[in-house]
There are 2 protein chains.
Amino acid sequence: MTAPVKPRSTRHAATLADVGREAGVSAMAASAVLNGAKTSSRIADETRDRILEAARRLNYRPNATARALAAGRMNTIGFATTLSRTELNQYFLEVFNGVIEAAAELGQNTTVFALADWSDGARRIPAFCDGRIDGLILLAPQLAADDAHRLPDHTPLVSIHGNCELPGVINLEAEEEAGAHAMVARLLALGHRHILHVAGPPHVLGARRRVDGYHRAYREAGLTPPADGVVAGDFSAESGRRLLSRWLETHRGQEMPQAIFAGNDAIAMGCLDVLTARGIGVPQQVSVVGFDDTVLARSARLTTVRQPLRELGQRAARLLVACVDAKLGEGPAPNVTTLVLPTELVDGATLSPPRAASLRIE
Amino acid sequence: MTAPVKPRSTRHAATLADVGREAGVSAMAASAVLNGAKTSSRIADETRDRILEAARRLNYRPNATARALAAGRMNTIGFATTLSRTELNQYFLEVFNGVIEAAAELGQNTTVFALADWSDGARRIPAFCDGRIDGLILLAPQLAADDAHRLPDHTPLVSIHGNCELPGVINLEAEEEAGAHAMVARLLALGHRHILHVAGPPHVLGARRRVDGYHRAYREAGLTPPADGVVAGDFSAESGRRLLSRWLETHRGQEMPQAIFAGNDAIAMGCLDVLTARGIGVPQQVSVVGFDDTVLARSARLTTVRQPLRELGQRAARLLVACVDAKLGEGPAPNVTTLVLPTELVDGATLSPPRAASLRIE
DNA sequence: GTGAAAGCGCTAACAG
DNA sequence: CTGTTAGCGCTTTCAC
């Protein structure tokens, strides 16, 4: 019987076995001392010192993959999002900051999965949940109810701004309808009557909710929204530019809207571009308001509706980690299925009362 | 001798052993079929089908941690950066997009490590390199040469905008001095003479290089920079606001600078805030130019110096993965130690020739 | 108090 | 072509 060759691993500085050998004890003892093992009652102080000393001398580093394999936990959460390669996603950045911050506080790493789109996501998500992450946050997922059964059930999931209920997936969102309503109600209260809503994609729940808020504000004020008052595209500056340009083209000679309520800040920025290019003063001639309160809004001093994006990220991370803990029997499972945070109006420099005389589109 | 209890793992849907049992073959056969094993020449078609069928029935998913432990590779790269909790880092976002994009193309995941600051980083980096990532990108690290020996040598590192040479670490950067020089030279060519440089932190190499470019442009034009022509703070809008406000306070009654060259776009945005608040027209009365060409610049139509941030991220990821491959004997090691990409001027709406009459600071 | 043994799931080597 | 064996580094019973 030949003694098994123990090939000296070159992959890591030192293993527990190395440390044990150096200290003249077993690897288990080393493990007990170096990693907060719950198993060992106590190791003799003298032994412990010897082990610590050996570890320092060999520059011992625990191996995360081995530990993960044994523990069934990687201490890493995933964050899945679509990331366009042409337009940087401020929305992502805000939420991500919250996620990574809260995760770090809980000793968890964050790995980001960039999706081309969500049909891609539905296909790839199961593959992500293969042990490299302990749980996954879905950012603004566009999943069909049909995709639900394909989602892995052994990995906790949390969604932010999910577009449909997914069984077993906690969803976090903000009061978008209420936020949109409050903003449009304020515009109406200031005297604006002709408000154009340049909306996001109709297949996105949040975009529809903003449209709903717009309509409710008119309704509750006893007013009727203008004909052609809502145009929809996607959530990008480019879309804002395109939609508004086209709208102005097709309504040439008619009355210029007094205000533009953009579906998000990026759209608002696109609208600002168009107005500026036409020499139309904001807010002197037309008011423009956005939605989200991303850094874009702050840098342009845009009047907007704030969604607590960073906080959504933080909460999502904390809930997710709680789910992971619970799955491993290390705590109670959070008993929420949905969490809705408030929105609020943010004052900027792009909103004022409507001018007295109406303006014609040239 | 008691038979070892095989506790049915509840952690994963199914293991290779499960699949093998179901298909009536060994786990190795299953491994060979399900994961592209190079070892086995061929498995009988009939067997292979049986295995695939069993895998599908059991919904088999390979376990990434087990695979990583055996293979010594996690297929994940790390991205370490400082992330302020008060101001969102557009610079980070741009580079990150490049990193994640290139990494994904190479089948690698990306995990982000958020550092409070780089002294923190020097301490924590070794701990990250414990097998959970195969290599690490350092974004704008501020490391002392002294920290070098603490960096792990078993994990490949790549830095972007590193502040000092680190042995064995490939560094990527842009021609910052040249970019700053080109911009200031253009300002001078337009007729500006009194250019205030609101710079970044002097301990950051890139900030110093921009100052150098500023000085060289004056020198080569045969001119002398104004006294008090450079003020330094950090790379944030807040710093830009504070520095410019203070500068204007302390120079009250003197001549207003004709142009402001900001150390980065965030600083430029801060300066724009201050000028706007004072009712000073940009660029009619004062020109403002930035550095980086982040999304902030684009949304404000800021004239700026473009650094190819996304490309820096892409290149860094590709180089890093090449290093990882090389370490595992799967390819040649890249033989570069430094990569410098060009910068270029970006036209915006915040630069014009100086006005004829000089302006006094009120 | 400490060590021996078994196993987390997968893979590389070698035997059959 | 397929199965057996050993081992990646760490942990967790369970004897001693």
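**R132(B) and the four-stranded sheet of chain B**

Trainee: Is R132(B) buried or exposed?
Mentor: R132(B) counts as buried, because 24 C-beta neighbours lie inside 10 Å and the cut-off for buried is 20 or more. Keep in mind that this is a predicted model.

Trainee: Where is R132(B) found?
Mentor: In the loop between helix 6 (118-128) and strand 3 (135-139) of chain B.

Trainee: And what does R132(B) touch, leaving out residues up to four places away in sequence?
Mentor: Residues of both chains: A64(A), T65(A), T76(A) and N109(A), plus M74(B) and T76(B).

Trainee: How many Å apart are R132(B) and E87(B) in space?
Mentor: 29 Å, C-alpha to C-alpha, with their positions 45 residues apart in sequence.

Trainee: Switching to the sheet. In what order do the four strands come?
Mentor: The order is 7-6-8-9, in chain B; the sheet is open and the pairing parallel. Strand 7 (230-232) and strand 9 (287-289) are the edges, each pairing on one side only. From one strand to the next, the twist averages 15 degrees.

Trainee: How many bridges join strand 6 to strand 8 of chain B?
Mentor: Four, between residues 195-199 and residues 259-262. One partnership there is I195(B) with A259(B).

Trainee: Which helix packs on the sheet, touching strand 6, strand 8 and strand 9 of chain B?
Mentor: Helix 7 (residues 176-190) of chain B, whose direction makes about 175 degrees with that of strand 8. Helix 8 (residues 205-220) of chain B lies across strand 6, strand 7 and strand 8, at about 170 degrees to strand 6.

Terms used. Residues numbered from 1 in each chain as written. Chains lettered and ligands numbered in written order. Predicted model: local features only at pLDDT ≥ 70, side-chain atom pairs only at ≥ 80, totals over all residues. Pairing = 2+ DSSP bridges. Helix = DSSP H or I, 4+ residues; strand = E, 2+ residues; numbered from the N terminus. Axes fitted to C-alpha atoms, helices over the stretch in contact; angles between N-to-C directions. Contact = placed C-beta atoms within 7 Å. Buried ≥ 20, exposed ≤ 12 C-beta atoms within 10 Å, placed from the backbone.
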